[in-house]
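Could you open the model in your viewer and keep the selection tool at hand? We will go from stop to stop, and at each one you will hear what to select and what is there.

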Amino acid sequence: MKVISQIKLPVEKEMELFEKKFFESMSSKVALLNRITHYIVNRKGKQMRPMFVFLVAKMVSEGSVNERTYRGASVIELIHTATLVHDDVVDDSNRRRGFFSINALWKNKIAVLVGDYLLSKGLLLSIDNNDFDLLKIISVAVKEMSEGELLQIEKARRLDITEAVYYDIIRQKTATLIAACCSLGAASVKPESNEIAKMRRFGELIGMAFQIKDDLFDYGTQKIGKPTGIDIKEQKMTLPLIYVLNNVSQKERDWIINSVKNHNKDKTRVREVINFVRDKGGLDYAVRRMKEFQREALLILEDYPDSTYKESLELMVNYVIERKK
């Protein structure tokens, strides 16, 4: 059995019902919109975010979910889908999960409007049901994601990023959405409880580990084979690179910065930077930090009694750092 199927097992029924509710939550009177949302739903990914919502809700409440849990999962998926549609426009990307992106098929103007529509649908789903606590969790996530992206763009221009700033960027850009899923799950079944902040931290730690794993893929692994160097081409400052920049001589540092700034399209130079980062211990350091985040996340789960939901969340934490792509 695939790991994702194994993780999903304890919430399989909930996920089936969620898919129906999620599709309904997207519906519109505009035929074009329905055609596009139908296209989106039929090309869904692993749906890890709603899975987090249901697994956390069931773990903290000893097995129960309610309508708020379904709404929380729908809201997070609507918002997440909206950000992906907008991201493809920003990145001028024609593919998403192996299929054509919305902007590739219907152009940028329609893609931006569809993203806005999905975002407003998510917000209204909470407002119409007076889920203001859930709405706050979501809104904080959207604000932080935007700030994280802009902070990364600002820093990429100057290449003056420290490790602390890097953690700020990935916490806002990547981890905040997973943190929102986990805190939504807890808030849906135990409003105003301590579990909400605890599960938020749990999700944040998983998100941090997830992003560092993504950074490592840029340098290649035994499984992927050759390194991609895409982050270097896009002047993204990843953890292996930051570590090496802070631990080499000024001359070597200048060479790296010059390579990333002015020679990032030169395949040979990019390969040299990748090999240099690897030789100087950048990858080893990033793996160590990733495993620290993983351990801290697993430690939080120890506070909860054993259950299939807890087991699935443990599997999820391990999958995040062991995945091959």
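## First stop: two loops

Begin by selecting Asn 130, which counts as exposed because its relative accessibility is 55%. The residue belongs to the loop that runs between helix H6 (102-128) and helix H7 (132-158). Check its backbone as well: phi of Asn 130 is near 55 degrees, a positive value in a residue other than glycine.

Now move to Glu 62, in the loop between helix H4 (48-60) and helix H5 (67-90). Glu 62 is not a glycine, yet its phi is positive, at about 55 degrees. With a relative accessible area of 70%, Glu 62 is exposed.

## How far to trust the picture

Remember that this is a predicted model. If your viewer can colour by confidence, turn that on: the average pLDDT of the protein is 86, and 94% of the residues score at least 70. Then select residues 222-226, where the pLDDT is below 50. That stretch has five contacts in the model beyond near neighbours in sequence.

## Aromatic pairs

Next, show the aromatic side chains; the structure holds seven aromatic pairs. Select Tyr 166 and Tyr 167, whose ring centres are 5.5 Å apart. Why is this pair edge-to-face? The planes of the two rings meet at 65 degrees, and a pair counts as edge-to-face when that angle is over 60. Tyr 166 is buried, at 3% relative accessibility, and Tyr 167 is buried too, with a relative accessible area of 13%.

Keep Tyr 167 selected and add Phe 293. These two also form an edge-to-face aromatic pair, with 5.8 Å from centre to centre and 75 degrees between the planes. Which parts of the chain does this pair link? They are distant ones: Tyr 167 is in helix H8 (residues 163-189) and Phe 293 is in helix H14 (residues 282-301), 126 residues apart. Both Tyr 167 and Phe 293 are buried.

For a cluster of rings, select Phe 18, Phe 22, Phe 54 and Tyr 70, which are linked by ring pairs. Add Lys 21 to the view: its charged end sits over the ring of Tyr 70, 5.3 Å from the ring centre. You can find another charged residue over a ring by selecting Arg 323, which lies over the face of Phe 210 at 3.9 Å from the ring centre.

## Into the nonpolar core

In soluble globular proteins, nonpolar side chains tend to be buried together. Here the largest nonpolar core has 102 residues. Select the ones with the most contacts inside it: Tyr 167, Met 199, Phe 202, Ile 212 and Leu 241. Which helix gives the most to this core? It is H8, with 15 residues.

Zoom in on Phe 202. Setting aside neighbours within four places in sequence, Phe 202 is in contact with Cys 182, Ala 297, Ile 300, Leu 301, Leu 313 and Val 317.

Now go to Leu 177, in helix H8. Is Leu 177 buried or exposed? Its relative accessible area is 5%, so Leu 177 is buried. Outside its neighbours within four places in sequence, Leu 177 is in contact with Arg 49, Ile 76, His 80, Ala 141 and Met 145. Add Ile 79 and draw a distance: Leu 177 and Ile 79 are 98 residues apart in sequence, while their C-alpha atoms are 9.5 Å apart in space.

## Two cysteines without a bond

Select Cys 181 and Cys 182. Both are buried, with 0% relative accessible area for Cys 181 and 0% relative accessibility for Cys 182. How many disulfides does the structure hold? There are zero. Cys 181 is in no disulfide, and its nearest cysteine sulfur is that of Cys 182, 6.3 Å away. For Cys 182 the closest cysteine sulfur is in Cys 181, and the 6.3 Å between them is too far for a bond, since a disulfide needs the sulfur atoms within 2.5 Å.

## Last stop: a buried serine

Finish with Ser 259, in helix H12 (residues 250-262). Ser 259 counts as buried, at 2% relative accessibility. Not counting residues up to four places away in sequence, Ser 259 touches Asn 264, Arg 269 and Val 273. For a final distance, pick Glu 272: it is 13 residues from Ser 259 in sequence, and the two are 9.2 Å apart in space, C-alpha to C-alpha.

Definitions and conventions
Residues numbered from 1 in each chain as written. Predicted model: local features only at pLDDT ≥ 70, side-chain atom pairs only at ≥ 80, totals over all residues. Heavy atoms only, no water. Phe/Tyr/Trp six-rings, centres within 6.5 Å; stacked < 30°, edge-to-face > 60°. Buried < 20%, exposed > 50% of the residue type's maximum accessible area, 1.4 Å probe, protein only. Helix = DSSP H or I, 4+ residues; strand = E, 2+ residues; numbered from the N terminus. Lys NZ or Arg CZ within 6 Å of the ring centre and 35° of its normal. pLDDT = per-residue confidence, 0-100. Contact = heavy atoms within 4.5 Å. Core = buried A, V, L, I, M, F, W, Y, C linked by side-chain atoms within 4.5 Å.
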